[in-house]
Structures are given as C-alpha cells and as structure tokens.
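Thanks, everyone. Have the structure up on your screens. I'll go through it piece by piece.

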Number of protein chains: 2
Amino acid sequence: MRARILDGAALAATLREELRPRVATFTTRAGRPPGLGIVLVGTHAPSEIYVRNKLKAASDIGCRADLVRLPESATREEVVDAVRELNDSHFHDGILVQDPLPPQIGGSQTVFDVIDPAKDVDGFTPVNSGLLVQNRATLTPCTPTGVIALLERSGIAIAGQHAVVIGRSDIVGKPMAMLLLHRHATVTICHSKTADLPAITRQGDIVVAAVGRTAFVRSEYVKPGATVIDVGINRVTERAEVDALFAESSPRRADFEKRGAVVVGDVHPDVAEVAGALTPVPGGVGPLTIALLLRNTVTAAEHREP
Amino acid sequence: MRARILDGAALAATLREELRPRVATFTTRAGRPPGLGIVLVGTHAPSEIYVRNKLKAASDIGCRADLVRLPESATREEVVDAVRELNDSHFHDGILVQDPLPPQIGGSQTVFDVIDPAKDVDGFTPVNSGLLVQNRATLTPCTPTGVIALLERSGIAIAGQHAVVIGRSDIVGKPMAMLLLHRHATVTICHSKTADLPAITRQGDIVVAAVGRTAFVRSEYVKPGATVIDVGINRVTERAEVDALFAESSPRRADFEKRGAVVVGDVHPDVAEVAGALTPVPGGVGPLTIALLLRNTVTAAEHREP
C-alpha cells in the first residue's frame with residue numbers, strides 16, 4: 001500500500017483562484033489593488049528565485065507587487081529605511097523581507113521587528129507571534145498555515161489526533177504547534193535534543209517534518225497509516241546520495257541527470273510505503289507557502305481598508 | 001517510596017531574599033524604589049486575598065506597591081484609563097490587572113492589551129507572548145517561570161527530558177510549553193480533547209498539571225519516578241470529597257474541620273506514592289508565582305532606568 005499523495009500544488013492553485021474575487025472586490029472598492037512589497041538584499045541565488053516566484057504569483061492574481069532591491073553591502077539602517085518606507089506606503093498592504101540577510105544586518109529578526117504588524121504577511125513580528133499563541137492572529141506564518149489548509153481541505157482530522165512536529169523554529173515548528181493545538185490536536189514538539197525520536201514520532205497520527213535535513217524521517221519513524229507532512233526543501237547535488245535515495249526506475253534520477261541536482265524533502269522516499277498520506281517534495285508544502293503569502297496580503301489589504 | 005517534596009514556599013523565600021539587594025541598588029540609583037501598581041475591579045473575595053498578598057510581598061522587599069480600586073460597576077473605559085495612568089506613571093514599573101474582571105469589561109485580555117509591554121509583569125501582552133515564543137522575552141508569565149525556577153534550583157534536568165503539560169491556557173499551559181522547549185525538553189501539550197491522556201502523561205519525565213480540576217491527575221497517569229508539578233488551586237468545601245481524598249490521619253482533614261474548606265491541587269494525593277518529586281498544594285507553585293511577579297517588577301524597573 002502506498003500513501004495517498006497530498007497535492008499541495010493543486011490546492012495552492014485552488015487557493016489562488018479563491019483569492020481572485022477578493023482581489024477584484026477590494027480593487028473596485030479601494031480604487032487600487034492589494035499591494036505586496038518585497039525587500040531583497042544582495043543577489044543570493046535561491047532568494048532571487050523565491051522572490052521572483054512570489055512577485056509573479058502576486059501579480060498573476062491581480063495584486064500590485066514591488067521589489068525593493070538593496071546591494072549586498074547595504075547597512076542595517078538602509079534595510080530598515082526600506083521597510084519603513086513600505087510601512088508608510090498607502091499602496092502596500094503586505095511587506096516581506098527576504099531571508100537570509102547579509103551578516104552586517106545583525107540578524108533578520110531585528111529587521112522583521114520593524115515591519116508594521118498590520119502589513120506583516122509573514123507573521124514574524126513579535127505581536128503577531130503573540131496573537132497566534134493567543135489564538136487571535138489575523139496574519140499567521142505562511143508555511144504552517146499552508147499545512148493546516150492542506151490537512152483541512154484533504155479531509156484529514158486534526159482534533160483529538162496526536163500531532164508530532166519535528167523542528168522548533170520560529171518560522172515553522174513553533175507556529176505549526178500552536179496552529180495544530182488550537183485545532184484541538186495533542187501536540188508534541190521534538191528537536192535535536194529529543195531522546196529516542198523514532199519512538200516519539202511513531203505516536204503521531206500527523207507528523208510534520210521541519211528539520212532541514214535530507215531524508216531524515218525514515219519509515220521506522222512513522223506509524224502505519226499516519227499523515228506525513230514534509231516541510232523540507234534540500235538540494236541534493238551528489239550522485240551517490242541521489243542513487244541511495246531513489247530506485248533506478250525513479251524519474252528523480254532522470255531529473256538529476258538533466259539538472260545536476262534534485263530537491264529532496266526531510267522525509268525519506270521509503271516513508272511512502274508506510275504513511276497513509278504524504279506531501280511530495282517538490283509540489284507539496286512549497287507552493288502552499290506562496291499561496292498563503294498571497295492570502296495574507298489580500299487579508300491585510302481588506303483589514304487596512306475595510 | 002514517597003516522592004521528594006519540592007518546597008515552593010522555601011524557594012519563593014530565597015528568590016525574594018535575592019531581590020533585596022537589587023531593590024536596594026535600584027532605589028539608590030533611581031532615587032525611588034521599583035513600583036508595582038495593581039488594578040482591582042470589584043470585591044471578588046479570592047481576588048482581594050491575592051491582591052493583598054501581592055502588595056504585601058512587594059512592600060516587604062522594599063518596593064512601592066499601590067492598589068487602584070475600581071467599583072464592580074466600572075466601565076471598560078474606566079479600567080483602561082486606570083491602566084493608562086499607570087502606563088504614564090514615572091513611579092510604576094510593573095502593572096497587574098487582577099483577573100477576573102466583571103462581564104461588562106468584555107474580556108480581561110482586551111484590558112491586558114493596553115498595558116505598556118515594558119511594564120507587563122504578568123507577561124500577558126501579545127508582544128511579550130510573541131517574544132517568549134522567540135525566546136527573547138524579558139518579562140515572562142509568573143507561574144510557568146516559577147515552575148522553571150523550581151525545577152532548575154531543585155537540580156531536576158529539563159534538557160533532553162520529555163515534559164508533558166496538561167492544559168493549554170494562555171497564562172500557564174502554552175507559555176510553560178515554550179519555556180520547557182527553550183530549555184531543550186521534548187514537549188507534549190495535552191488538553192480536554194486528548195485521546196488516552198494517561199498513556200501520554202505516563203511518558204512524561206516531567207508532568208505539569210494545569211487543568212483546574214481537583215485531583216484530576218491520578219497515580220496511573222504518572223511514570224514511576226517522574227517529577228510532577230501541580231499548578232492547580234481548587235477549593236474543596238464538600239466533606240465527602242475531602243474524606244475521599246485524604247486518609248483519616250491526614251492533617252488536611254483537621255484543616256477542613258477548622259476552616260470548612262481545603263485547597264487541593266490538580267494532582268491526586270496518591271501520586272506521591274509514584275512520583276519521584278512533587279510540588280505540594282498549598283506551598284508549591286502558588287508562592288513562586290508571587291515571587292516571580294516581584295522579580296518581574298524589579299527587572300522591569302532595571303530595564304526602565306538602567
């Protein structure tokens with residue numbers, strides 16, 4: 001028995017379609033479209049791709065999408081000024097500062113802290129983080145919120161289930177735990193210091209892997225029939241690693257031949273033989289993250305001009 | 001084998017003594033003592049006792065402690081104005097609004113929201129709640145912070161242990177989970193919707209009971225040797241309930257005869273036969289909550305006038 005594949009890309013397309021009428025209504029009422037401003041510092045290659053995808057997705061549904069580019073050498077003051085300008089802009093409802101930032105900035109969070117919480121479409125400001133804990137946030141982090149949308153739209157029960165979150169980042173693990181808890185799951189948060197991790201994760205009716213380590217969650221970590229959500233996006237460039245992960249017949253091997261790299265999640269391909277449902281990588285959580293960024297932008301616009 | 005009793009009252013006394021030199025230093029430097037302002041609405045009997053104890057504890061260590069009393073009929077605006085006055089006061093470093101508030105106020109949290117986060121000695125504002133999630137809060141909720149102090153000062157390991165928190169309130173359960181997580185425990189949060197609760201809690205090396213139900217955690221909920229922290233404060237006034245809970249020889253029965261009521265935690269007395277360490281009620285977490293309120297007040301003062 002192979003796991004049911006939870007098609008994040010398809011749901012992301014649905015969510016984006018659902019936003020179109022909201023964008024149209026807002027645009028008519030406000031006399032302008034919802035606006036997203038992205039601050040990008042430097043030319044970090046993956047960031048360039050992420051930012052391009054986000055801007056394109058936003059304009060595809062009729063939003064305004066602006067990129068504020070700063071050089072790799074930008075000072076903290078310059079980045080903060082760029083954020084403040086977007087805070088003050090009438091035309092921008094959502095602000096995103098693309099992570100990572102160069103070292104002289106002194107930590108991304110110190111820049112996130114400057115974002116107007118009403119425009120904080122990543123949900124990273126302390127106020128929005130606290131409102132999430134108190135179960136009354138309007139803007140919640142995109143990746144974990146996308147996971148909830150996928151579970152709910154796939155008809156996977158959350159209430160009364162045991163959800164195990166592997167990873168405790170501010171961006172995924174901790175908000176994921178809160179969102180699951182508020183939907184009445186029993187929630188366990190695991191991490192690198194967890195003793196006998198497989199014994200814990202095997203209890204999960206839902207397992208969310210947000211570790212950042214290629215194929216870390218193996219079949220012995222998973223209870224038969226469990227739902228496994230793979231948040232990882234790891235680039236594998238070693239042929240030996242690809243060969244070890246994927247059978248000779250796998251199309252992923254052909255992908256590797258073509259591109260010299262494949263993207264692999266935090267979940268080992270073998271888990272598909274044990275799990276009841278599983279998100280693929282790519283095409284699972286990744287596209288949902290962008291869809292939720294758009295939803296947050298539209299929501300922020302609607303709250304700013306009700 | 002009976003559990004080691006973790007003496008919260010004794011640690012609370014130690015923590016208060018540790019504050020005296022900080023209070024003295026601050027008072028000399030600032031030309032005034034650290035100040036705590038408490039807003040009390042109405043004359044709810046337990047609140048009167050709590051508030052009196054807090055004010056006395058604050059002045060005992062040399063702090064200024066003021067009570068702002070409002071009638072039971074006070075409007076939301078009046079309560080908010082009282083908070084704003086304390087926000088603006090040079091002499092008050094900590095503000096506490098005593099819960100519960102009468103129904104016309106429209107929810108305590110809406111009043112907590114008005115407190116200046118720099119003076120939020122209960123740690124209930126969204127900003128401080130979010131900073132706690134991000135592991136960089138200065139002022140964290142008193143009860144869970146007191147539990148951490150008790151574990152650490154009692155030499156009970158947290159890192160790598162499995163901690164199970166029963167209860168998911170904004171005031172205890174959720175911040176408790178975050179504080180344990182940041183000290184590298186694996187953390188499970190349980191609640192009324194948790195399936196097979198005893199099977200979950202029996203995994204806990206540390207179990208924190210914050211349910212608000214008399215003697216809810218029974219010996220079969222606890223792994224032999226586990227540390228059990230009892231956050232509950234339940235007033236029992238029925239003789240039959242007291243007789244069922246305490247053996248004939250128990251001094252608690254005599255207490256009941258004298259006062260017509262006893263205070264019982266969320267943990268059943270039988271757990272003392274199974275647990276490795278246990279907080280008593282009264283004399284466990286309760287006194288620590290007040291000690292941490294004082295520590296937060298002194299910390300807030302030191303941050304306001306460094």
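Helix 2 of chain A passes helix 11 of chain A in a right-handed crossing. Right-handed means the near helix is turned clockwise from the far one by less than a right angle; anticlockwise would be left-handed. Helices here are DSSP runs of H or I, at least four residues, and strands are runs of E, at least two, numbered from the N terminus.

A word on the source. This is a predicted model: local features need pLDDT of at least 70, side-chain atom pairs count only at pLDDT 80 or more, and totals for chains, interfaces and linings use all residues. Residues are numbered from 1 along each chain as its sequence is written, while chains are lettered from A and ligands numbered from 1 in the order written.

Back to the pair. Helix 2 of chain A covers residues 45-60, and helix 11 of chain A covers 285-304. They pack at about 50 degrees, axes 10 Å apart. Axes are lines fitted to C-alpha atoms, for helices over the stretch in contact, and angles run from 0 to 180 degrees between N-to-C directions. So helix 2 of chain A is oblique to helix 11 of chain A. Oblique is what remains outside under 35 degrees (roughly parallel), over 145 (roughly antiparallel) and 65 to 115 (roughly perpendicular).

Which residues of helix 2 of chain A meet helix 11 of chain A? A:Asn53, A:Lys54, A:Ala57 and A:Ala58. Across from them are A:Ile290, A:Leu293, A:Leu294 and A:Thr297. Contact means C-beta atoms, placed from the backbone, within 7 Å.

Now chain B. Strands 3, 2 and 4 form an open sheet in the order 3-2-4, with parallel pairing. Two strands pair if DSSP finds at least two bridges between them. The edges are strand 3 (64-70) and strand 4 (94-97) of chain B. Neighbouring strands are turned by 15 degrees on average, direction ignored. Strand 2 (residues 35-41) and strand 4 of chain B share four bridges. B:Ile38 has B:Leu96 as its bridge partner. Helix 3 (residues 76-88) of chain B lies across strands 2, 3 and 4 of chain B, at about 175 degrees to strand 2.

Next, both chains together. An open sheet of twelve strands, with mixed pairing, has 6(A)-6(B) within its order. Its edges are strand 1 (4-5) of chain A and strand 1 (4-5) of chain B.

Last, the symmetry. Chain A lays on chain B by a turn of 180 degrees and a shift of 0.0 Å along the axis, RMSD 0.0 Å. Superposition is by least squares on C-alpha atoms with pLDDT of at least 70 in both copies. The copies are therefore related as by a two-fold rotation axis.

Notes. Two residues are in contact if their C-beta atoms, placed from the backbone, lie within 7 Å.
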